[in-house]
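Open the model in your viewer and set it to cartoon, coloured by chain. Keep the selection panel at hand.

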Amino acid sequence: MEKQIQIHQISEFLKDGMTIAIGGFMGCGNAHNIIDEILKSNVKNLTLIATDTARDGYGIGRLIDDRRITKLLASHIGTNKETQKQVIEGFIDLELVPQGTLAERIRASAAGLGGVLTQTGLGTEVQDGKEVITIDGKDYILELPIKIDLAFILAQKADEAGNLIFNGATRNFNVPMAGAAKVTIAEVEEIVKNGELDPNFIHTPFIYINHIIKA
Amino acid sequence: MEAKQIIAARVAQEFKNGDFVNLGIGLPTLAVDYISKDIHINLHSENGFAGVWDKANEDNIDKDVVDAGGTNVVLQKGGIFFDSVTSFEIIRGGHLDMTVLGALEVDEEGNLANWKIPGKLLPGMGGAMDLVNGAKKVIISMVHTARGNPKILKKCTLPLTGKGVVDMIITEMGVFEFINNKLHLTQLSKGVSLEEIKALTPASYIVALKD
């Protein structure tokens, strides 16, 4: 398949029961057009990795509204009542992950690390069932990488090779998710020819990006 | 002044020129309105920027810039953007001078609960667990009681956000500080007596009022 694909080809990548990651924060930096395509498909029973589920009817929240997500790893769902409702009724199996730990567990996957050691969550429910390792007299929780099948990210600009530049606060989880999945697809506003982006200001290198979509 | 204004104004007195500070959503963020004009501080928004920012208006709105509460904002000149890994390296690596957070409960051991009420409220911890473990100073800003029920307890009853992490508690009634791991009442608000604050504070504390 070509590096540059069309938005309708998203359905070819989707399989029931797979683990997807979607970048963004409160909908800012969500790949909104790709979310539209997921909703057009029949895919279901997805595991979703995202820092939050935005709000009802917006961004990632629409996948929740349409009951496509049955397992969720997120740091915050307080802004989405529908997510909370589906968790309480048992439709969604939720694992709340501290936001920095979520970022690092995703990065660990991209970086080929066996895990990360952190003090975040010590003495809380987050520590339950996890190994605690002591280094130089300090305790750390061992947090494991998150395995992701498919990551959907949003950038402002790409070149044909897939090098990316982001705008404003949209880098958030889009940057660490690139490269953390078996396949990463970037939705971008603009695609320019190779060589047109200043190599000093590339945020994400092409090697992390399998496909780009102009949308 | 209303309770929240009293708290916000007192929180702002903790800021020093050049501080790099993360403020939680809601009451902690109100402190921005009371920052002294004589100092410049950098604020940190965990979704990926730092500096000083304003609410966006129709003319300058950029859909790609929202604060940690999801409100469209505009970063002033001198501000910087970064991704979530960098953002949480700043938080977890001890680079933040201070974080100000709200609380459901705090206790005399410096434990904090602010992310979950089992069976009732399930917002999630967001970045709070990272902030309380990473920031050099953790300040809790909150109203002293919730519907008349005390929030500064002997022991937290709700699931913890962090263990032994709190450095200071600022309420409309006064200021508490952890000094050598012991809770001290260091300031009483105008018109509040020692007896009144004691009646609403089950935690054990040492009275050590400054000036």
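The stops below go from one whole chain to its strands, then to the other chain and the contact between the two. Keep in mind throughout that this is a predicted model.

**Stop 1: chain A as a whole**

Select chain A. Its secondary structure comes to 5 helices and 11 strands. The radius of gyration is 17 Å, close to the 17 Å that the globule rule gives for 215 residues, so chain A is as compact as a globular protein of that length. Taken along the principal axes, its C-alpha atoms fill a box of roughly 50 × 45 × 30 Å. Of the 215 residues, 52% count as buried. Among the contacts in chain A with a separation of 6 or more, 72% are between residues 24 or more positions apart.

**Stop 2: an exposed residue of chain A**

Now select Q6(A), in the segment before β1 of chain A. Is Q6(A) buried or exposed? A residue with 12 or fewer other C-beta atoms within 10 Å counts as exposed. Q6(A) has 12 such atoms, so it is exposed. Add G90(A) to the selection and draw a distance between the C-alpha atoms: the two residues are 84 apart in sequence and 36 Å apart in space.

**Stop 3: β1, β2 and β3 of chain A**

Select residues 46-49 of chain A, which form strand β2, and show the side chains. L46(A) and L48(A) point one way, T47(A) and I49(A) point the other way, and all are buried. In a regular strand the side chains alternate between the two faces of the sheet.

Add residues 19-22 of chain A, strand β1, which pairs with β2(A) in the parallel sense over 3 bridges. T19(A) stands opposite T47(A) here. To follow the chain from β1(A) to β2(A), add helix α1 of chain A, residues 32-40: the path crosses through this helix, and the β-α-β crossover is right-handed.

Then add strand β3 of chain A, residues 69-74. It runs parallel to β2(A), joined by 4 bridges. Look for L48(A), whose bridge partner in β3(A) is L72(A).

**Stop 4: helix α1 of chain B**

Move to chain B and select residues 3-12, helix α1. Which residues of this helix are buried? I7(B), A8(B), R10(B) and V11(B) are. Seen down the axis of α1(B), the buried residues fall within an arc of 165°, so they line one face of the helix. To see what covers them, show the strands β7 (98-101), β10 (138-141), β14 (168-170) and β15 (174-179) of chain B, which are included in that cover.

**Stop 5: a sheet of three strands in chain B**

Next, find the open sheet of 3 strands in chain B, with the order β9-β8-β13 and mixed pairing. Its edge strands are β9 (112-113) and β13 (152-153), each pairing on one side only. Strand β8 of chain B, residues 105-107, pairs with β9(B) in the antiparallel sense over 2 bridges. Label E105(B) and A113(B): the latter, in β9(B), is the bridge partner of the former.

**Stop 6: where the chains touch**

Finally, show both chains. How many residues of chain B are in contact with chain A? There are 31, and they touch 35 residues of chain A. On the chain B side, the elements that give two or more residues are α2 (84-92) and α3 (128-134). The largest share, 5 residues, comes from α2(B). Colour this side by class and you will have 14 nonpolar, 10 polar and 7 charged residues.

Terms used
Residues numbered from 1 in each chain as written. Chains lettered and ligands numbered in written order. Predicted model: local features only at pLDDT ≥ 70, side-chain atom pairs only at ≥ 80, totals over all residues. Contact = placed C-beta atoms within 7 Å. Nonpolar A, V, L, I, M, F, W, Y, C, P; charged D, E, K, R; others polar. Pairing = 2+ DSSP bridges. Buried ≥ 20, exposed ≤ 12 C-beta atoms within 10 Å, placed from the backbone. Right-handed = clockwise from strand over helix to strand, strands pointing away. Rg over C-alpha atoms; globule rule 2.2 N^0.38 Å. Arc of directions from axis to C-beta.
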